[in-house]
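Q: Please take a close look at one residue in a loop. Where does it sit, and what surrounds it in the rest of the model?

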Amino acid sequence: MTFAYLVTRSLQSLLLIWLATLVVFLLLHITPGDPATLILGDQATPEQVADLRRSMGLDRPLHAQYGRFLTHAVRGDFGLSIRAQQPALSYVLARLPATLQLSAGAFAFAVLTGIPLGMLAAMKRLSLWDHGSMFVALLGQSMPVYWLGLMLIVIFAVHLRWLPASGMGQPQHLVLPAFTLGTFLIGLIIRLTRSSMLDVLHREYIRTARAKGLSEHIVLVRHALKNACLPVVTVLGLQMGTLLGGAVITETVFAWPGMGMVTVTAIHQRDYPVVQSAVLVLAVLVVLINWGVDIVYHCLDPRMR
Amino acid sequence: MDGSSMTGTMPTTLTPPQEHGRPLRTWRRFARHRLAFCGLLILMAVVLMALLADAFVPRSPVAQQIRLRLKPPGFVDARSGQTLWLGTDHLGRDIFSRLIYGSRISLIVSLPAVAISAAIGLTLGLMAGFYGSWCESVVMRLVDLQLAFPFILLALSLVALLGPSLPNIILVFALTTWPVYARTTRGAVLALREQEFVQAARSLGASDARTLWHHVLPNILSPVLVLASFEVARMIILESALGFLGLGVQPPIPTWGNMLADGRDYIRDAWWIAAFPGLIIMITAAGVNFLGDGLRDLFDPTMQHTGSM
């Protein structure tokens, strides 16, 4: 990998993170009305509002406020959570492992079922496998995830009593949420793997590999899948934001104590320091994942060197 | 499917100036695509349902009857002799009637939101692809920025700040979903820019505006149209998600999303409150997706002979 690529790509990510801080800062300032009044609600006395305005620095010009926000943000200081009365960032970060656990579970489930289904669909084109996989893909893409979650709760928690409906801790707590969130991605993975495999299977190096007398297994896995994976990996990297967004809703359905649930609650309670730090943390996470994916892609694909 | 991924399966080869004047043949090809035809029928049914809601709802969607609360599907009201096909919710409101009215909000939000975001994305993508240089960098960084935020969180925060009114929801959806169009458009324009007929127009002295309007735009409309149809499905689902999280169009107006939110609180005793709105969202979204698949096969010459499954 070229050093120059690493540098440009990293600078690009830094630029994105800086722009993200700008968006998160402006989020609170684009609102019609005064942020201090918004935070305190309608019942606050003028003195309380004036106090908060001063402590938030709202009496200063916008660029000065942003400067202050940025210097504090760099040090990890987003102010105190209004409801929890503790630093907003650490409050949010404490919930990050739960969200990552859920996302990783969902991702593993989606990849482990989606890629084989997509491969089967491509190999046995226009067969029952193909139509079946495409139907599953379509269903996954047309279903509201949170509804799937609710229905799974009805079936597996309320009626069959096999799995818990909410909470976290034991492995069985992860099953329903991970399945729910994974379904969100499966459709995409099946479609991508299928079209990418179909594309690769017609290439001449596959014919060569077969002509050499290699076993079908080796041809498919070593020659076809390895090449078909590249577009899948890139798009999946780009979908991380969507996955984390899906986690927000899934967490709400299953009362999974992750960042999504905290953020949704904070949005309802107008706890802006928590909302700002959570949105920024997730955005930074997505930028970093995409950065990683691009670097890996660059290393994997000899044509990119 | 998330729209941004569609670029991977979009028509990659662009047909030079499109042939006009064979609508019948085009229609036959579309009708042969059975799933797409089903999709069109589903979408038409939902549109009719929204337009004619007043004509065929059996009961008022907002009338509460505590006497009839939490009745299961198929329950027969002994006093009026009416059958409650899909049951009632926790306030005794008729779920069937509410579903029909809910279709209005889904369409009123998703269609304008898709139209506005497609217009924004198309314009920015055209500029980025056609002019290149700094214009392209700015647009593409904006696209990256937008895609870095989990869409639903950004939409939730914005709607919470601006207030959950219908225009605000449409605006927030439009302003947070344009990047997928910008990306697709830019890619298509980049491929077109070097083609002979565009080069010819420019060397004959056509202005940028004329080249874009008469030569570039007609040839990128089909991938954008396909993308937009998939986006309609996504918008319908996202609108319901917003409603589910309590930030959609507010009660008492029935929406599929806020019906699901009600259903969640009674999930242990009355599964039907949540089950039916989700089912109709899925059917509608699937219909729109079928339609999108059909349009894609129709516009993509490489898929012509396999599209008739």
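A: One loop residue and its surroundings

With 17 C-beta neighbours inside 10 Å, A:Arg270 counts as partly exposed. That class lies between two others: buried means 20 or more other C-beta atoms within 10 Å of a residue's own, and exposed means 12 or fewer, with C-beta atoms placed from the backbone. This is a predicted model, in which local features need pLDDT of at least 70, side-chain atom pairs count only at pLDDT 80 or more, and totals for chains, interfaces and linings use all residues. Residues are numbered from 1 along each chain as its sequence is written, while chains are lettered from A and ligands numbered from 1 in the order in which they are written.

The loop that holds A:Arg270 lies between H13 and H14 of chain A. Helices here are DSSP runs of H or I with at least four residues, strands are runs of E with at least two, and both are numbered from the N terminus. Look at the backbone of A:Arg270. Its phi is positive, near 55 degrees, in a residue other than glycine.

Now step back into helix H13. One of its residues is A:Thr263. This threonine has 28 other C-beta atoms within 10 Å, so A:Thr263 is buried. Which residues does A:Thr263 touch? Leaving out residues up to four places away in sequence, its partners are A:Val248, A:Val274, A:Val275, A:Ala278 and B:Leu153. Contact here means C-beta atoms within 7 Å, again placed from the backbone. Between A:Thr263 and A:Val274 there are eleven places along the chain, and their C-alpha atoms are separated by 6.9 Å.

Follow one of those partners, A:Ala278. With the same neighbours in sequence left out, A:Ala278 touches A:Val92, A:Met259, A:Val262, A:Thr263 and A:Ala266. A:Ala278 also has a place in the largest nonpolar core, which has 170 residues. Such a core is a set of buried Ala, Val, Leu, Ile, Met, Phe, Trp, Tyr and Cys residues joined through C-beta atoms within 7 Å. The members that touch the most other members are A:Ala278, A:Val279, A:Leu282, B:Ala155, B:Leu156 and B:Phe173. In soluble globular proteins, nonpolar side chains tend to be buried together.

Next comes the face between the chains. There, 45 residues of chain A are in contact with 42 residues of chain B. Several helices of chain A each supply at least two residues to that side, among them H13 (259–269) and H14 (272–300). Sorted by class, the chain A side has 32 nonpolar, twelve polar and one charged residues. Nonpolar covers Ala, Val, Leu, Ile, Met, Phe, Trp, Tyr, Cys and Pro; charged covers Asp, Glu, Lys and Arg; the others, Gly among them, are polar.

Widen the view to chain A as a whole. Chain A has 14 helices and zero strands. Its C-alpha atoms fill a box of roughly 85 × 60 × 30 Å, taken along the principal axes. Of its 305 residues, 39% count as buried. Take contacts between residues at least 6 apart in sequence: in chain A, 70% of them join residues at least 24 apart.

Chain B has twelve helices and two strands. Buried residues make up 50% of its 309 residues. Helix H5 of chain B includes B:Ser133. With 8 C-beta neighbours inside 10 Å, B:Ser133 counts as exposed. Its phi is positive too, near 40 degrees, and B:Ser133 is likewise a residue other than glycine. Buried residues in H5(B) include B:Val139, B:Val143 and B:Leu147. Elsewhere in chain B, a cis peptide bond joins B:Pro251 and B:Pro252, with omega about 15 degrees. B:Pro252 is in the loop between helix H10 (208–244) and helix H11 (256–265) of chain B.

How sure is the predictor? Its confidence in each residue is the pLDDT, from 0 to 100. The mean pLDDT of chain A is 85, and 97% of its residues reach 70 or more. Chain B averages 82, with 88% of residues at 70 or above. Over residues 1–19 of chain B the pLDDT is below 50, yet this stretch has 52 contacts in the model beyond near neighbours in sequence. Residues 303–309 of chain B also fall below 50, with five such contacts. For the complex, the predictor gives an ipTM of 0.83 and a pTM of 0.85.

Technical notes. Two residues are in contact if their C-beta atoms, placed from the backbone, lie within 7 Å. pLDDT is the predictor's confidence in each residue, from 0 to 100.
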